[in-house]
Amino acid sequence: MQLNLIVPKGEEKSPIEVIILLIFCLLFLIWGISTSLKTQINEKGISAQFKGIPFCNKNFTWDEIQSINVIEYSPLIDYGGWGVRIGLNGSCYNVSGKIGIKFTRTKGKPFLIGTQQKEEAEKIIKHYFNK
C-alpha cells in the first residue's frame, strides 16, 4: 500500500489512508505535548534530560565548565527553534521561553539549556560554580 499525500485531481484517497494519516498526526501531537526538559544543578554539575527523545541525556561536571551565565536568547534566531538543536552557536536543549543557562566547556562548543526559573538557576550556579 502506498500512502500518497498529494493526490492528483480527480482521484480520491481511500478511507484507510485518511485514517492512517490522522492517527500519525495525533500520535505526533501527543508526543510533542509530552516531551519535557528536566534540568538538575547540584554539587556535581549540571544534567539535562529531554524526556520523550531517546539518547538526549547530558551530564556536565563543574570541572569541564569554563564559564557559565543565565542569559536571554532568541530560540528561533540563535538556534533555529525549539527542541534539541546543534548549530553555529553550539548545542541547545529548550522547550519554551527565552531564558537559558549557557556555558562554555573546556573542551567543545558552548551548550545552552533552556529554563523557566532564572533567579533560582542564577542562585544555584553562583553557589556551586567557583571559577
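Q: How many bridges join β6 to strand β8, and in which direction do the two strands run, parallel or antiparallel?
A: This is a predicted model. Strands of a sheet pair through backbone hydrogen bonds, either parallel or antiparallel. In one pair from β6 and β8, Ser91 stands opposite Phe111 in β8. Strand β8 covers residues 111-114, and the count and direction for β6 and β8 are three bridges, parallel.

Q: Is Ser91 buried or exposed?
A: Ser91 lies in strand β6. Buried means under 20% relative accessible area. Ser91 has 17% relative accessibility, so it counts as buried.

Q: Which residues is Ser91 in contact with, leaving aside its neighbours within four places in sequence?
A: Ser91 sits in β6. One contact is Phe111, which stands opposite Ser91 in β8. With neighbours within four places in sequence left aside, the full list is Tyr79, Arg85, Ile86, Pro110, Phe111 and Leu112.

Q: How many of the five residues of strand β6 are buried?
A: Strand β6 spans residues 90-94 and is mostly covered. Ser91 belongs to this strand, and at 17% relative accessibility it counts as buried. For the strand, the number of buried residues is five of five.

Q: How many residues lie between β5 and β6 in their hairpin?
A: Strand β5 takes in residues 83-87, and five bridges join it to β6. The two strands run antiparallel. In one pair, Gly83 stands opposite Asn94 in β6. The number of residues between the strands of this hairpin is two.

Q: What is the order of the strands in the open sheet of five?
A: Take the β6 pairings. β6 is joined to β8 by three bridges and to β5 by five bridges. The first pair runs parallel and the second antiparallel, and the pairing in the sheet is mixed. The order is β4-β7-β8-β6-β5.

Q: Which strands stand at the edges of this five-strand sheet?
A: The sheet is open, with the order β4-β7-β8-β6-β5. An edge strand here has a single partner strand, so one side of it is left without a neighbour in the sheet. Neighbouring strands are turned by 15 degrees against each other on average, direction ignored. The edge strands are β4 (65-72) and β5.

Q: At about what angle does helix α3 run to β4?
A: Helix α3 is made of residues 118-128. The helix lies across β4 and β7. Its angle to β4 is about 160 degrees.

Q: Which strands are at the edges of the three-strand sheet?
A: Three strands form this open sheet in the order β1-β2-β3, with antiparallel pairing. Each edge strand pairs on one side only, and these strands are β1 (36-41) and β3 (57-61).

Q: How many bridges join β1 to strand β2?
A: Strand β2 spans residues 45-51 and runs antiparallel to β1. In one pair, Lys38 stands opposite Gln49 in β2. The number of bridges between β1 and β2 is six.

Q: Which residue forms a salt bridge with Lys98?
A: Side chains of opposite charge can pair when their charged atoms come close. A search of the whole structure finds one salt bridge. Its closest N and O atoms are 3.6 Å apart, and the partner of Lys98 is Glu72.

Q: How many residues apart in sequence are the parts that Lys98 and Glu72 tie together?
A: Lys98 is partly exposed at 47% relative accessibility, while Glu72 is exposed at 56%. Lys98 lies in the loop between β6 and β7, and Glu72 in strand β4, so the pair ties together parts whose separation in sequence is 26 residues.

Q: What distance separates the C-alpha atoms of Thr106 and Asp63?
A: Thr106 lies in the loop between β7 (99-105) and β8. Leaving aside its neighbours within four places in sequence, Thr106 is in contact with Asp63, Glu64, Ile65 and Gln66. Asp63 and Thr106 are 43 residues apart along the chain, yet their C-alpha atoms are separated by 8.3 Å.

Q: What is the area of the nonpolar surface patch that includes Ile33?
A: Ile33 is found in helix α1 (residues 15-34). At 64% relative accessibility, Ile33 counts as exposed. The patch is made by Ile19, Ile23, Leu26, Leu27, Leu29, Ile30 and Ile33, and its area is about 710 Å².

Technical notes: Residues are numbered from 1 along each chain as its sequence is written. This is a predicted model: local features need pLDDT of at least 70, side-chain atom pairs count only at pLDDT 80 or more; totals for chains, interfaces and linings use all residues. Side-chain values use heavy atoms; hydrogens and water are left out. Patches are made of residues with over 30% relative accessible area and no salt bridge: like charges are joined within 9 Å, nonpolar side chains (Val, Leu, Ile, Met, Phe, Trp, Tyr) within 5 Å. Accessible areas come from the Shrake-Rupley method with a 1.4 Å probe; for residues, only the protein chains shown count as cover. A salt bridge is a side-chain nitrogen of Lys or Arg within 4 Å of a carboxyl oxygen of Asp or Glu. Helices (H or I, at least four residues) and strands (E, at least two) are DSSP runs, numbered from the N terminus. Buried means under 20% relative accessible area, exposed over 50%, partly exposed in between (1.4 Å probe, protein chains only). Two strands pair if DSSP finds at least two bridges between them. Contact means heavy atoms within 4.5 Å. Axes are lines fitted to C-alpha atoms, for helices over the stretch in contact, and angles run from 0 to 180 degrees between N-to-C directions.
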